[in-house]
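Reader: I am new to reading protein structures, and the descriptive words confuse me. Could we go through some of them together?

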Amino acid sequence: MHHPKIKDFPSDFLWGAASAAYQVEGAWQDDGKGPSVWDVFTKLPGKTFQGSNGDVAVDHYHRVEEDVALMAEMGLKAYRFSVSWPRIFPTGRGEVNEAGLAFYERLIDSLLAHGIEPVLTLYHWDLPQALQEEFGGWEDRRIIDDFEHYCVTLYQRFAGKVKYWVSLNEQNYNLTNAYQLGTHPPAVQDRKRFFAANHIAFLANARVIKAFRQHVPGGLIGPSFAYSPAYPASCAPSDMLAYENAEEFTNLWWLDAYCFGRYPQAALAYLRGTGEAPEILPGDLELLREGTPDYIGVNYYYTLTFTDNPIGGQTMQRINTTGQKGTTPSSGVPGLYKTTPNPHLETSNWDWAIDPTGMRIALRRLSSRYGLPLMITENGLGEFDKLTADGRVHDDYRIAYLQSHLKACQEALQDGVELLGYCAWSFTDILSWLNGYQKRYGFVYVERDEQGGSLRRIKKESFHWYKSVIASGGKTL
């Protein structure tokens, strides 16, 4: 679809950036915070790149005023951040930790004072370790009550200050790694447990959205989904079927549950045949339908291309966490699909396909299927940024990546998509979970590596570029 003229971005478009608590805050034991599953998992030998962890991260907890001042200098209109559940309830429930609430209130108040809209993520993977030990975390329905109690505490505290909320972040990516690949806590490889935990997370998501409507009138809430649109490797019918399988199992399984309150038909039938389908109790589907979102958060980084995978074929494989380009193996589910390189696309050093048109396709697919507003809650390029001798970071490759993806957003708006905003990942450099500090995403360089560092903040070339984009309302694109 070629448009002769592209309209400007809406005047109220939320030009933003994003982060997550464990990846930026540090202060892992300060002011009454309890341990999260990541505080424990990252201390196990061999789990992360060079043993990196978020004990200090980039010390946002102690540098929040400095970081918000940089956001204001850039002209951000929105900042997406997550709240650490064990910072609010150190053991997952019980007495609230007032110091934890006070930190986030200070952050929110500072953002609002600078005209920056807070976008609050309720859960970005840092489950209280106490709940994991007590009943297995997301594998037990008791977590639904605990999660609701935690979320309602935040609703009641911040309802008058925060309009945009994210319920669960990347449930698909997190639980796939946690229960299929064994690379996130609790490091399990069991497909039946994977689908069971997902079902409970869906119920928890619906419960807190339902509660949200009672406590935050006028607010908007929805999950952030890591959407990698599926492509067929060719027009061969076998590849087309593999693409259909992949889209249903890797995307619609979550999105249909969130937005329609039901699972996609073919996938559910397949899992019932293999004995891997989740247990659906009376009332479950009713709850899912009662807790559908107001909008969908879209975390978009790349597309995936699929081909036929016979029974006994390629199984799921771990992703590239080293940045050694070309080391990502094919991954799949026997009898359903497997990935294959797309010859039409370049990739990053982590083998992620660079596909701005895929973002436009993602937004159009979601808008057409679900009829909901969308927000880009993550999009960015992780690379090996270098600080030069004169104290600068020339990240023209990041500027090119972000520019092309923002143009795709503008084209999607022209296509009729209701897009609320765009939160680039990330504002500062961060801990990249399994990749350590070598994989940098930020507009602001943080002087540290896996062994530590000064934590000095340095504005990259992309900082100044995005500042000009925001100031022009996107016209400089």
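Author: Happy to, and please keep in mind that this is a predicted model. Let's begin with strand β1, residues 14-18, which is largely enclosed by the rest of the structure because five of its five residues are buried.

Reader: What makes a residue of β1 count as buried?

Author: The cut-off is a relative accessible area under 20%. L14, G16 and A18 point one way from β1, W15 and A17 point the other way, and all of them are buried.

Reader: Which strands pair with β1?

Author: Strand β12 (residues 419-425) pairs with β1 in the parallel sense over five bridges. In that pairing, L14 stands opposite G421. Strand β2 (residues 78-82) is also parallel to β1, with three bridges, and there the bridge partner of G16 is A78.

Reader: How do you know that β1 and β2 are paired?

Author: Two strands pair if there are at least two bridges between them. β1 and β2 have three bridges, so by the rule of at least two they count as paired.

Reader: Why is helix α8 called largely enclosed?

Author: Helix α8 covers residues 171-181, and 10 of its 11 residues are buried, so the rest of the structure largely encloses it. Among the buried ones are Q171, N174, T176 and Y179. The buried residues of α8 pack against β3, β4, α9, β5 and α10. Just after α8 comes G182, whose phi is positive, near 70°.

Reader: Is H215 buried or partly exposed?

Author: H215 is found in helix α9. Its relative accessible area is 26%. Buried would need a value under 20% and exposed one over 50%, so H215 is partly exposed.

Reader: Which residues does H215 touch, leaving out those up to four places away in sequence?

Author: H215 touches V152, Y155, Q156 and A159. Of H215 and Q156 we can add that they are 59 residues apart in sequence, while their C-alpha atoms are 6.5 Å apart in space.

Reader: Why is α10 called roughly perpendicular to α11?

Author: The axes of α10 (residues 237-260) and α11 (residues 265-274) cross at roughly 110° and come within 9 Å. Angles of 65 to 115 degrees count as roughly perpendicular, so α10 is roughly perpendicular to α11.

Reader: Which residues make that contact?

Author: From α10 there are E248, F249 and W253, and from α11 there are Q265, A266, A267, L268, Y270 and L271. By class, this contact has seven nonpolar, one polar and one charged residues.

Reader: What makes β6 and β9 edge strands?

Author: They belong to an open sheet of four strands in the order β6-β8-β10-β9, with mixed pairing. β6 (230-232) and β9 (332-333) each pair on one side only, and they are the edge strands. Two bridges join β9 to β10 (residues 337-339), and these two strands run antiparallel. V333 stands opposite Y337 in β10.

Reader: How many residues are in the largest nonpolar core, and which have the most contacts inside it?

Author: The largest nonpolar core has 132 residues, and those with the most contacts inside it are W138, F147, Y155, W165, F427 and Y466. Helix α9 (residues 191-215) gives the most to this core, with 13 residues. A second, separate core has 16 residues, including A18 and W425.

Note on methods
Residues are numbered from 1 along each chain as its sequence is written. This is a predicted model: local features need pLDDT of at least 70, side-chain atom pairs count only at pLDDT 80 or more; totals for chains, interfaces and linings use all residues. Side-chain values use heavy atoms; hydrogens and water are left out. A nonpolar core is a set of buried Ala, Val, Leu, Ile, Met, Phe, Trp, Tyr and Cys residues joined through side-chain atoms within 4.5 Å. Buried means under 20% relative accessible area, exposed over 50%, partly exposed in between (1.4 Å probe, protein chains only). Axes are lines fitted to C-alpha atoms, for helices over the stretch in contact, and angles run from 0 to 180 degrees between N-to-C directions. Angles under 35 degrees count as roughly parallel, over 145 as roughly antiparallel, 65 to 115 as roughly perpendicular and the rest as oblique. Contact means heavy atoms within 4.5 Å. Ala, Val, Leu, Ile, Met, Phe, Trp, Tyr, Cys and Pro count as nonpolar, Asp, Glu, Lys and Arg as charged, and the others, Gly among them, as polar.
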